[in-house]
Amino acid sequence: MLSTLPRLIGHRGAKENAPENTLASIREAARQGARWVEVDVMLTRDQRPVLIHDDTLDRTTTGTGPVPLMALAELRRLDAGRWFDAGFVGEQVPTLEEAAALIHDLGLGLNLEIKPYPGQEEITAEVALNTLRPLWPAGRPLLLSSFEVPCLEVAQRLWPEIPRGYLLWDPPADWAAIADRIGAATLNVDQERQTADSVAEYRATGRPVLSYTVNDADRARTLFGWGVSAVFTDAPGRLARELGPDA
Ligand code: G3P
Ligand code: MG
């Protein structure tokens, strides 16, 4: 599963050039040559898994208010591309099913970040995984990740053979014990907080270190030099060109 992990993972698709977490953004990442994409999944009011990052609709759609107050049918009437650029008017918030089918058709690997609305950690993981599992072809690269330990515990219970990435921003003192307990395969860490020492400490646990979000080639080179395996980038094509053989 992780043997095909590329250096560059398209963040929310290709967020620099297309509206994040839309089908257009996933297509754009593939067009730019990305081999894996990361997207965020949350539940609607009727517990359908959809791709969206924020707790509220306001920033990335024509709607307002918390995502879990809106049913899928209502959500689908919103525009998720207009805020980004007039060329993307008509993009919808995708369902996880649609996104998984497109990612498969494009031959991409997937990092699904389980992004629960606060208080919905377990149900979000359960629904997302029970939705994805029957659709996801055996052998296609998949990494499940979350900042929320309860989501990773659900993943461990429901779909143990799929690797889990433990997302860290401000790591708790016992992050290493938690990583062991949940059987984390990777540590996915905030790039701005990293130093050579911090990356060495994470790597000392024997896990690949992935880092988000890196849009600058010099910073990517530094992180790779410290032993980071892959970076999440909003601009997979541009960064690949700028990095050249380092990508
Ligand atoms: O999974 C990497 C990265 O996406 C985590 O942060 O807030 O962009 O979802 P965020
Ligand atoms: Mg994310």
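**Reading the ligand shell and helix packing in a predicted model**

Me: Which residues surround ligand 1 in this predicted model?
Reply: Ligand 1 is surrounded by His11, Glu38, Asp40, His53, Glu113, Ser145, Leu167, Asn188, Tyr212, Thr213 and Phe232.

Me: How do you know which residues of the shell around ligand 1 are nonpolar, polar or charged?
Reply: The shell divides into three nonpolar, five polar and three charged residues. Leu, Tyr and Phe count as nonpolar, and Asp and Glu as charged, so Leu167, Tyr212 and Phe232 fall in the nonpolar class and Glu38, Asp40 and Glu113 in the charged class. Histidine is named in neither of these classes and therefore counts as polar, which places His11 and His53 with Ser145, Asn188 and Thr213.

Me: What is particular about the backbone at Thr213?
Reply: The peptide bond from Tyr212 to Thr213 is cis, with omega near -20°, and Thr213 is found in the loop between strand S8 (209-212) and H8.

Me: Why are H3 and H4 called oblique to each other?
Reply: Helix H3 (residues 96-105) and helix H4 (residues 121-132) pack at an angle of about 45°, with their axes 10 Å apart. Angles under 35 degrees count as roughly parallel and those from 65 to 115 as roughly perpendicular; the angle of about 45° fits neither range, and the two helices are therefore oblique. Their crossing is right-handed.

Me: Which residues make the contact of H3 with H4?
Reply: Leu96, Glu97 and Ala100 of H3 make this contact with Ala128, Thr131 and Leu132 of H4, and by class the contact has four nonpolar, one polar and one charged residues.

Me: What makes H8 and H9 roughly perpendicular?
Reply: Helix H8 (residues 217-225) and helix H9 (residues 236-243) pack at an angle of about 70°, with their axes 9 Å apart. Because angles of 65 to 115 degrees count as roughly perpendicular, the angle of about 70° gives H8 and H9 that description. In their contact, Ala217, Ala220 and Arg221 in H8 meet Leu239, Glu242 and Leu243 in H9, and these residues divide into four nonpolar, no polar and two charged.

Me: What is said of phi at Arg12, and where is Arg12 placed?
Reply: Arg12 has a positive phi of about 55° although it is not a glycine, and its place is in the loop between strand S1 (8-11) and helix H1 (23-31).

Me: Which residues does UniProt list for "domain: GP-PDE"?
Reply: The unreviewed UniProt entry lists residues 6-243 under that name. In the model, this span is 32% helix and 18% strand, and its end C-alpha atoms lie 13 Å apart.

Conventions:
Residues numbered from 1 in each chain as written. Chains lettered and ligands numbered in written order. Predicted model: local features only at pLDDT ≥ 70, side-chain atom pairs only at ≥ 80, totals over all residues. Near = placed C-beta within 6 Å. Axes fitted to C-alpha atoms, helices over the stretch in contact; angles between N-to-C directions. Helix = DSSP H or I, 4+ residues; strand = E, 2+ residues; numbered from the N terminus. Parallel < 35°, antiparallel > 145°, perpendicular 65-115°, else oblique. Left-handed = near helix turned anticlockwise from the far one by under 90°. Contact = placed C-beta atoms within 7 Å. UniProt positions renumbered as here; feature names shortened; annotations may be inferred.
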